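Good morning, everyone. Please have a look at the structure on the screen, and I'll take you through its empty spaces and then one of its strands.

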Amino acid sequence: MLYIGIDLGTSAVKLLLMDGEGEIKNIVSKEYPLEFPQPGWSQQNPEDWKQAVLEGIPELLAGFDASQVAGIGAGGQMHGLVVLDREGKVIRPAILWNDGRTARQVDWLNNVVGREKLSKLTANIAFAGFTAPKLLWMRENEPDLFAKIDKIMLPKDYINYILTGVHCTDYSDTSGMLLLDVARKCWSKEMLELCGISEEQMPRLFESYEKVGTLKPEIARELGLPENVVVCAGAGDNAAAAVGTGTVGEGACNISLGTSGTIFISSEKFGVDPNNALHAFAHADGHYHLMGCMLSAASCNKWLMEDIFKTSDYAGEQKDITPGKLGNNHVYFLPYLMGERSPINDTNARGTFAGMTMDTTRSDLTQAVLEGVAFAIRDSFEVARTLGIDIRRSKICGGGAKSPLWKTIMANVLNIQLDVPESEQGPGMGGAMLAMVACGLYPSVAGACARLVRTAETVTPDPDLAARYEARYRQFKAIYPALKDVFTAMNGGQP
């Protein structure tokens, strides 16, 4: 049998066709536009996702026996606010995970409602990217549209709704809405009330690997698939990527270098970072995880290469960064191009180069960006260490993980071993694996991971280089605190 994995990303949807033994048969990618209507705003039209998926699946199946497709599972960009009216039509563009318009609402939630109360209700505090602040923003700024809301969902849930007609979601994705009682796995009635919405407007909750329905007849005909194809609830992209890399079980770790950057620490038990610098979320395997998320990771390198250097030759720009230059760069980069989430939670933070001199080169800037992202990931690692979590090795995935140089920098900045999975298909592979469990091919997510996930290589840190990066990290850590009040003033606030 065959299984389709959907990776609903920020810039494109990647569709993956895989058999039950983990062999990837085909991959199709469809891009769609991203809107930045004001500085710090980020949104998309959900209809673009729908069109990309409905056009992409027939392309994915070209040359294959579509009758062999048993299940579909999606991993999707988290936190995005998708709202539909009573006719099932999209009311407004989806406000995305990296949107920073909700600074005032986040401040109200954290400082008026209170961090302690939020953490008690949802296991997390408010961040600008979360869904609840977006609902508050919409209620305050678009009251007429807010009054039309009949259904609230997340990006990949909209795709499942199109495929099945079922208004559904999963625990891993909803953990990032600030509307779920993560510990008890139910909607927080108090949070819904604070946002002016009802439980009837919210989707039905499922575990990621559970069947939510089958294809609507008209969708099955359009896609050329059987109507009995099982659609599972799927997962938020980071949880789906964790499944795709085999990051399940106590203490397993995954680093994702995609548009955003994350550190994902799997846990068998529910737990909360008392300082709320790391998110406490449900995992797609039915358990829990802690996660640190930076808003701009590989997107920082894309910005430098394409927007500043006007090139798409990423490897060529890295060729002058020789081993002797690692740990010795005099330039630093704060990777806060969209503000930042974990662990500083500052929408005012901005991308910054520091330490440039007349002899600074193009490759120095490239190296600084790669190192700056690694240092920012380490910030979340340091929070995990304060919780007694001792991470000695991690999986690594995402577009940035295709760079041997970046993997070397990351391993040495963190001073841990990095395992590179044989397949780098992250959320798409995880979605297909969740579909396999929903179809009964494997008894559990852990069982699917044990059978299907293999390691291609391991990157090991060099003690001397790790020591140099330790010193560089200490200097990096001093830059943001020195500029924090400057960033606030630059964005119209009081330092």
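Let's start inside. Twelve places to find on your screen: the largest cavity is lined by Trp 97, Asn 98, Asp 99, Phe 127, Ala 128, Gly 129, Leu 295, Glu 340, Arg 341, Asn 345, Asp 346 and Thr 347. Keep in mind that this is a predicted model.

What is the volume of the largest cavity? It comes to about 50 Å³. How many cavities of 30 Å³ or more does the count give? One. And the chemistry of the lining? By class, there are four nonpolar, four polar and four charged residues around the largest cavity.

Now to a pocket. A cavity is closed to the probe, whereas a pocket is open. The second largest pocket holds about 570 Å³ of space. Its lining is made of 28 residues. Which of them lie nearest its centre? Those are Arg 115, Ile 344, Asn 345, Asp 346 and Thr 347. You have met some of these names already: Asn 345, Asp 346 and Thr 347 also line the largest cavity.

Which helices supply at least two residues each to the lining of this pocket? Look for helix H2 at 103-122, helix H12 at 362-386 and helix H16 at 463-490. H2 gives the largest share, with six residues. Sorted by class, the lining of the second largest pocket has 13 polar, nine nonpolar and six charged residues.

Next, a strand. Find E5, residues 69-76. Is E5 mostly buried or exposed? Buried: eight of its eight residues are, so the strand is largely enclosed by the rest of the structure. The cut-off for buried here is under 20% relative accessible area.

Who are the partners of E5? Take strand E1, residues 2-8, to begin with. E1 and E5 are parallel, and seven bridges pair them. One example is Asp 7, whose bridge partner in E5 is Gly 75.

Then comes strand E14, residues 230-232. E14 runs parallel to E5, and two bridges join them. Here Gly 71 has Val 230 as its bridge partner in E14.

Last, strand E15, residues 235-236. Again the strands run parallel, with two bridges between E5 and E15. Opposite Gly 75 stands Ala 235 of E15. So keep an eye on Gly 75 as you turn the model: Asp 7 is its bridge partner as well.

One general point to take away. In a regular strand, side chains alternate between the two faces of the sheet.

Key
Residues numbered from 1 in each chain as written. Predicted model: local features only at pLDDT ≥ 70, side-chain atom pairs only at ≥ 80, totals over all residues. Heavy atoms only, no water. 1 Å grid on protein atoms, 1.4 Å probe; cavity = no way out; pocket = protein on both sides within 12 Å on 5 of 7 lines; lining within 4 Å. Points joined across faces, edges and corners; volume = space filled by probe spheres on them. Nonpolar A, V, L, I, M, F, W, Y, C, P; charged D, E, K, R; others polar. Helix = DSSP H or I, 4+ residues; strand = E, 2+ residues; numbered from the N terminus. Buried < 20%, exposed > 50% of the residue type's maximum accessible area, 1.4 Å probe, protein only. Pairing = 2+ DSSP bridges.
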